Each structure stands twice: as structure tokens, then as C-alpha cells.
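Subject: Structure for you to look at, with notes

Dear colleague,

I am passing on to you the structure we spoke of, together with my notes. Please open it beside this message as you read.

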Amino acid sequence: MASVHFSPDDARNHPPYIEPELVYYGSYKEDNPPIRLRIATGGAGQSGFLRALADGFIDDHVKETGCNPFAIAWIKCDTAGSFNNLASGAVDLSITYLPAAEAIAMQQGFTDRSVYAWRDHFMLVGPTSNPAKLEPSTNVFDLFGQLFRGAVENPTAVRFLSRYDKSATNVKEEFIWTSIGQAPWAYPYSDLYHRYNSFPFQALEAAAKLGEYTVVDRGTWYSVDEWIRDSMTVFVRVTHPLYFALLPLAANPKFIILSPTYLFNQ
């Protein structure tokens, strides 16, 4: 969550500038239009999903309204950073999936509303050699329990890679660990728990190279290089949102939260 002091007037008059990771122009790149919308997100940008949404929105909006062409900027950050950037006025929209944190953001006054956008799906993946000897299961708690027992029996071979960055993915895997009575990050060093503070693509690549288990969203999984998928096995694959009731790892609702600064300027 954001931990900065927020003043709406200050944000409107002196918004901090953050260099965009990418800028999307739709069909109007040659016109070099100005940036009119700044969106904070992580994995949705890396996977190319945000580009598809932004380019389509720009083309459609210009055609439907007759407005001048404009650009959309991707501000690369995790969920925690998205809230901070909203509070400071550095972005106009954030894509997050932590409903409780979104409610607090609205209470604190640095976001106007939260709008449901889409549902993401998570997977537990790991090396094809499967040193933890995970057995097929529809219950993610059973799989994490097997993973912990495998690490006890073979501590040098079984490791779990966590992004450990306060991202929604990190919050999700920590919830599962604590649900089975474990908190491996609580130790100064853990043979099982590998803290790897990075964005989704880089974290999944590291897990593939190191032969470690990890949690990843489906969009990232299908967007990385093929050799990464070839070197790993999916131990939980969920294809329908209804499984969310049975498998907490399966799906998280994605929300778009809006800055009052952006609404004011419009």
C-alpha cells in the first residue's frame, strides 16, 4: 500500500514525472501525439496485453469521437508501486488485483473508484525433473505441502523462487504458504525460499535456469521464450474462473483504479 502523504492540489500542480517503459500510439506513431493517459502495471505490460488494449483504444476513440490522436504511457511497476504512483499523481490509472488494498486507497482519497477489468489465472510451475516429487492434485495447498516436505527431505535440490516484492503474485503465494502453517521468508536464510526481487519475465527465467518452483500468471507463461516453458512443468493449470472457489491459486480479479487527478483534468 501507499505510504506517502497525498494532497490532491499538490498532485494536480506538481505531478512527479516517471520515464515510461513504453509509449503506445495506436496507428498514429508518425504524428508523435502527446501522452494523455499514464497507466501503472507490471505483468500486463510485459506480456504485451497492455499494448493490445492501448492501441485498440486509441484507434477506436479517435475514430468514434473525432478527437486528436493521443498516446498512452506504460509506467512499469508492481502492485505496491502502482498505489504509490497513484497517490503521488504520477499515473492516471493502475491495474491491480488486491481488492482490500483498493478499498483502502479509495478511503485515503487518492483514487476515485475501482472498476473490474478481467480475471487473471495463476499456475504453480517447476523443473521437469521435479525434485520435490510433486504429485498431480487439484488442491494447491496439497502441492505446497508436498513442496515443503520435499525441501525437508532434499534441501539442496528443492527450492521455491519468490519475487518477494509486494506484488500481487507475491501476496498470493505468501497466503498459500501461511495457509499450510509455513512462512519460509521469516528466516534470515532458507534453503527452500529463494528471494528474487524482479518482474515476472525475469523471475520466471531465473526459476527455469535454476531449476526452481515458482508461481506465475498465465499471461506471463505464454509470453516468455519457448525454451523456458520447455524446461518447466505446470503442476496446476486452471482454465476456468469457476475453479477459483476450489483453488485459491487459480484466478485473481484484475481491477483498474482511477486517480481523481485524471478525472479532474478530463
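What follows goes from the chain as a whole to its cavities and then to one residue.

Please keep in mind throughout that this is a predicted model. The chain has 266 residues, of which 48% are buried, and its secondary structure consists of eleven helices and ten strands. Among the contacts with a separation of 6 or more, 74% are between residues 24 or more positions apart. The exposed area of the chain comes to about 13000 Å², with carbon and sulfur atoms supplying 51% of it.

On the interior, the count is two cavities of 30 Å³ or more. The largest has a volume of about 60 Å³, and its lining is made up of Arg163, Thr169, Pro200, Ala203, Leu204, Thr214, Val215, Val216 and Asp217. Two elements, α8 (200–210) and β8 (213–217), each give two or more residues to that lining, and β8 has the largest share, with four residues. Sorted by class, the lining of the largest cavity holds five nonpolar, two polar and two charged residues.

The second largest cavity, at about 40 Å³, is lined by Phe160, Leu161, Ser162, Arg163, Thr169, Asn170, Glu173, Thr214 and Val215. Here the elements that contribute two or more residues are β6 (160–162), α7 (168–179) and β8, while the division by class is three nonpolar, four polar and two charged. If you compare the two lists, you will find Arg163, Thr169, Thr214 and Val215 in the lining of the largest cavity and again in that of the second largest.

The residue I would point out to you is Glu212, which sits in the loop between α8 and β8. Is Glu212 buried or exposed? Its relative accessible area is 4%, and because the cut-off for buried is under 20%, Glu212 counts as buried. As for its partners, the side chain of Glu212 makes a polar contact with the side chain of His194, at 2.8 Å. Apart from neighbours within four places in sequence, the residues in contact with Glu212 are Val125, Gly126, Pro127, Arg159, Leu161, His194, Ala207 and Met232. Of these, Leu161 also belongs to the lining of the second largest cavity, and Ala207 falls within the range of α8 (200–210).

With best wishes

Conventions:
Residues numbered from 1 in each chain as written. Predicted model: local features only at pLDDT ≥ 70, side-chain atom pairs only at ≥ 80, totals over all residues. Heavy atoms only, no water. Buried < 20%, exposed > 50% of the residue type's maximum accessible area, 1.4 Å probe, protein only. Contact = heavy atoms within 4.5 Å. Areas by Shrake-Rupley, 256 points an atom, 1.4 Å probe, with all protein chains shown as cover. 1 Å grid on protein atoms, 1.4 Å probe; cavity = no way out; pocket = protein on both sides within 12 Å on 5 of 7 lines; lining within 4 Å. Points joined across faces, edges and corners; volume = space filled by probe spheres on them. Nonpolar A, V, L, I, M, F, W, Y, C, P; charged D, E, K, R; others polar. Polar contact = N/O pair within 3.5 Å; in protein donor to acceptor, adjacent residues only side chain to side chain.
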